[in-house]
Structures are given as structure tokens and as C-alpha cells.
Amino acid sequence: MSRTTPFNFITVKYPHLLSTNDPPSAAEEAKIREEMAAIQQDADLPEIQNQLATYRSVVSPVRRLPSEIIGNFLDLAARGHDGHIEKARVASFCLVSKAWRDSAIATLSLWRDVCIDRDKPLCKKVVEWLGRSGALTKTLRVELRDRGQQLCCGKHSRNYEAADNNPDEDEDNEAELEEEDDEDEDSDWSDDDSEDEDDEETPRECIIAKTRLAKLLVDGPQFNTLVLTVSSTWCLRELLRSIRTRARAKGVSWPGIPSLALRMVPNVGHWAETQDPSASLFKYLPSGSLSSLGLDLVLTDELMMSLLNLYRFNIPSSTLNSLTSLKIKTEWDGPQIARLLPHCERLEHLYLEYACPSKFGAYRWTAAHDFHTEANLPARIHLPKLRTLQVDGIPEMTVGTILHFIRAPALVNLGFQINMRPQWITVPPAEEESHLGRLPELFLQSLGLLPQEAEITSISNLHSLTMGDGKWYDYRLYLSRSTLASIAPHFNSLRHLILYEVKCMDGEDPFQALCHHMEQHQTHLLPNLEDMKLTFSDDSFPLESLFLFVKSRHDHWARRAVGHNQPRDSLHMVALRISDNWVNLANTYNTSPTIGHIRNLGVSVERY
């Protein structure tokens, strides 16, 4: 009888190990390793090499990773570019192997986030999905699509008008909602059973109402976050009214949604709010229940651009006063955002994105001497609890005024991105360099973070500073020789410095200027800096000067540390994003005589 070949050995005895990623038992692994040792003498043969590779994969330690470790990997891999869990990825992971499926089910964070993407009642499936997340906070996203295209509401079109002048007192409408609730009373979540049947669309039914979302929010699990994409604010208004009516009919108190993100379908969305705060849709939320609000309002096409200043957010002051986080993305070129802020005294996190890249001179009203009088605003808006401020899409020509009325004494995290001038605007070369290089300084100065008097050395408690476009990498961060030297002396508390898409002005070297500043003033700049991260817009950045700055900074720390109880310099990480196509930067990184020295000092310098 011929000797069993390696292929026959593992195929006949352990076929389940080839068709799955399950780990072998201790006895199976011992037998396989014996077979590996037996054929090792013929390892030069291609066939034997292939079989050894198969054996190694079967007994690989990867198959024995703890369920918790696999779950951590799956959690990272399941997230899309926006950080949300994508249910299709989770479903795919569960099909890989039993070990992966068990790990996925045991990883509660994979099931805390779900998206309704069809205009069908999916309550049962949503409840089952979220039921696996245990006691974790839950996120519900509603973004209705058909063949990849976002759906718009057929009822609440741009020309929609309420049945009377005060839709909130439309008793007939509320009676209809109560009848719908009564019909659903005994159905539990059985409405999902007919989701694939052909049903005639009711012309006057809101697209959000078709999902029976009010039923899910009142009768289902408690949600911490609701992300809702709609084509009209009428959809959200009708949803909140339906929730109120259903809760009243059931005799329960709806606790509300702590975090609400409202996204309008781009270019076709309609903000239908009036100028009367007492009629705001937000009045339907339980008092004080909303702590985080996000508004993504890129609404109009070119025909509607002239009407932007007529829009109002129309959010009651009582709602604003309960917020700790506010995020707004809009192209509205008016004081709408500024008018909200005086009522946000509890605000801790503020994220603003000005979505008007083609209008480099937008928000010029902020530069007027009497802007606050014209816009009915206080000259200074104090946000005493604000700790994080992120501002993107700042128009270049109003960088020094767009938020100059804000003062945030508790600010510790700041990030901003400035839109550079369109290419068709021409400026004299001398003015070009002086203007572009000063833009970051102008913005920081407008917030009161840089002093006017030269003798003041530090007035900021900032811990993290991020400058540049780290989202899309579309806009450059221009640095002149003096840009960082004018900023660094005033941020002694800074721990994290991030610069995206850095572009030095011709012949300028900002980090060399920092070295000269330290030598001239015998000072240790950024004494609490812990890490730096830089990305570059091209191959011309003087990288060696950055390494010399790190070395010089450490040298000044060593001199200052004499007689002081400082075990080591605070800086421990420099991360650099260098493209494979950038030969000069790559050569400097690989051959720098300084990089080895600063690594020996305990500073990790890494390329990613």
C-alpha cells in the first residue's frame, strides 16, 4: 500500500480544518506536527513546500486568538469612513467562521449602531439587531436610499403647505395619528413581515412615517443618538408630533433623544422653519432632553443662493441652553450661527463648517465696525465652558473676523482649516507671501489666543492645536518663516501639535526660525509638547530643519532641567506622512544625520 500523501492526510482526516478557520484540537495539532516533521526531509520539493504551508496555516496561532482580540479587530474593520458601523460588514464577518461569528456576537459594540435605509417598516429587525448590544448606548440612523440615490419625501416637497395656518393645532391630523397607533397596538413588531410585499404608496404619507419610526422610538429600546437624513424639516416635525401623540395615547413619558443629528439631502433639502421661535419643531422634544445637536444644511442650488440670508435656525433658547455639543455645517452667508451662540452658555464642544469654498470673501458682514448692531448681537459672545472648537472652511478674506466676537477662556482643543484663494484671484507677490503666511496667526489672534503686547509670553491654556485640512487634504496650510515663531511662544501648555498639508512659502523655513528663536532668547519653546503630526502638500518641505528643531528643543530642555525634578523631555512622538512619490522627503527621512540622534534621546520618529 502506498504511503498516504500530505494532501490525503489532512484532507481525509481533518477536512473541517481546511474548510474553516477553526483551530485544531490539541490531539489534532500533535498529529499534524508529527506529519510535518515526517515530510520535512523532502522540503525542497514544490509539492511538499505547498503542503507545509497548508499545515502551518492550520496550526497557526492566529486561529487561537482570544475572542476579545478578534472582536476588537472586527469593530475596527466594520466602521465606515464616518466612524459608524456598517451592518453589511458585520453580516459578512459572521460568515467567515464559527470563531468569528461567536466573536462578533460577543462584541456588543458591533450591534449598538444600525441604519434604516429603506422606506419600509423594519422595526422588528432593528430591535433584534440592537438587542445584541446589551446595555450599551444605541444609535439609530435613518438614510433612505433607492439604488444608491437618496430618497426625497413626496409629501413634504418644497411647495408643501400645512392644512391651516397653525399645523400644531390640526386636531384632525392628530386624530389620524392616533388611529394609526391604535392599528399598531396589537401588532407588536409584526409589520416587518410584509416589508417585501408590493404596497401602494400613499401620496400624502411622509416618507419617514412609512418606516413607522415613531413606533420604534416610543416602543423600542432607548436610543442615545438619532441621525436623520430628510429632504424637509416638515418630516422631522411630523415625526416628533407622532412621537408625542403615540406617547400620550399609551400613557407613557418619552424621554427624548440626548443626541440628534439632522442632515438635509444636499441641494434639494428644504429648511421650512419660520422666524417664530414659538413655532419651532424643537419644541416637541422633552425639555432639557437634548444635549448634542448636529445640523448638516447644504440646502440650495444656485437659484436659491440669493435667499440664504432669509433662513433662520429658529431653535428655542431653552433648547440651546441645554446643549453641551453643537455641530453645524452650512453655506448660509449670514449671522444665523452667531445668533445661536449667546444662548449656549453650557456648550463644551463646538464644530463649525462653512460650506462655501467658492465664496472666498463670504461672511464679510463680520468685518463691519458695527456688525453686532446690524446683526442684533452682543459685541462679545462668552462661552465660559467651551473646551473644544473645530472650524473648517474658513474663507480666506474674513479669517480674522469670522469668529472674532467669541471668547472661550476654558478652551483646550482647537482645530481650524482655511480655504485658500481661488486661482483666478491675482495678488502682488509681496502681498501674497505676507498675507498667506499670516492667516493662521490672524485666526488665533481673532479668538484672543495671541496677545497684542509683545512682553506677554503666554496667555493660553490650549492643550491641542490642529491646523490645516485633515479631512479631504484639498487645501494647503501655508507657513512663512515667522508663522510658527509668532505662535509657539504663547502656547506653553500645548501638548499636541498637528499640521496638515503643510506648504512653506518660497525660501521660507518655519522650523529653522523656531531654532533661531530659542537660541536668541535662550528659551525652551513648547515645553509641554508630547507629540507632533505633520502631513505635506508636496516634496519641498525642509524636513531636516524639523529634526534639528526637535534636537535643539531637547538641548534647551537639558540646560533648563539642571536643578529641576524633570526626568525627561515631554516630547516622545513625531509622526510624518510621506508619500512614496516624494523622493526628497523620503531621502531626508532615510539619510538624516539627526534622526538617529533624536531617537536615541527617546523621541520616536515614525513615517506612516
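**A guided tour of the predicted model**

Begin by selecting V96, which is located in the loop that joins helix 6 (87–93) to helix 7 (98–106). The structure on display is a predicted model. With a relative accessible area of 36%, V96 counts as partly exposed, because that class lies between the limits of 20% for buried and 50% for exposed. Next, add T20 to the selection. Along the chain, T20 and V96 are 76 residues apart, yet a distance of 7.8 Å separates their C-alpha atoms.

Move now to another loop, the one between helix 4 (46–58) and helix 5 (67–77), and select L65 there. Is L65 buried or partly exposed? Its relative accessibility is 32%, so L65 is classed as partly exposed. Keep L65 selected and add V62, I69 and F73: together these four residues form a nonpolar patch on the surface, with an area of about 350 Å².

The next stop is the largest pocket, whose volume is about 1500 Å³. To find its centre, select D82, H84, R263, D296 and K327, which lie nearest to that point among the 46 lining residues. Which element supplies the largest share of the lining? Select strand 6 (residues 259–264) to see it: this strand contributes six residues to the lining of the largest pocket.

Finally, colour the lining of the largest pocket by residue class. The view should show 19 nonpolar residues, twelve polar residues and 15 charged residues.

Technical notes: Residues are numbered from 1 along each chain as its sequence is written. This is a predicted model: local features need pLDDT of at least 70, side-chain atom pairs count only at pLDDT 80 or more; totals for chains, interfaces and linings use all residues. Side-chain values use heavy atoms; hydrogens and water are left out. Patches are made of residues with over 30% relative accessible area and no salt bridge: like charges are joined within 9 Å, nonpolar side chains (Val, Leu, Ile, Met, Phe, Trp, Tyr) within 5 Å. Accessible areas come from the Shrake-Rupley method with a 1.4 Å probe; for residues, only the protein chains shown count as cover. A salt bridge is a side-chain nitrogen of Lys or Arg within 4 Å of a carboxyl oxygen of Asp or Glu. Helices (H or I, at least four residues) and strands (E, at least two) are DSSP runs, numbered from the N terminus. Buried means under 20% relative accessible area, exposed over 50%, partly exposed in between (1.4 Å probe, protein chains only). On a 1 Å grid over the protein atoms alone, a cavity is a set of points where a 1.4 Å probe fits but cannot get out, and a pocket is an open set with protein on both sides within 12 Å along at least five of seven lines; lining residues have an atom within 4 Å of a point. Grid points are joined across faces, edges and corners, and a volume is the space filled by probe spheres set on the points. Ala, Val, Leu, Ile, Met, Phe, Trp, Tyr, Cys and Pro count as nonpolar, Asp, Glu, Lys and Arg as charged, and the others, Gly among them, as polar.
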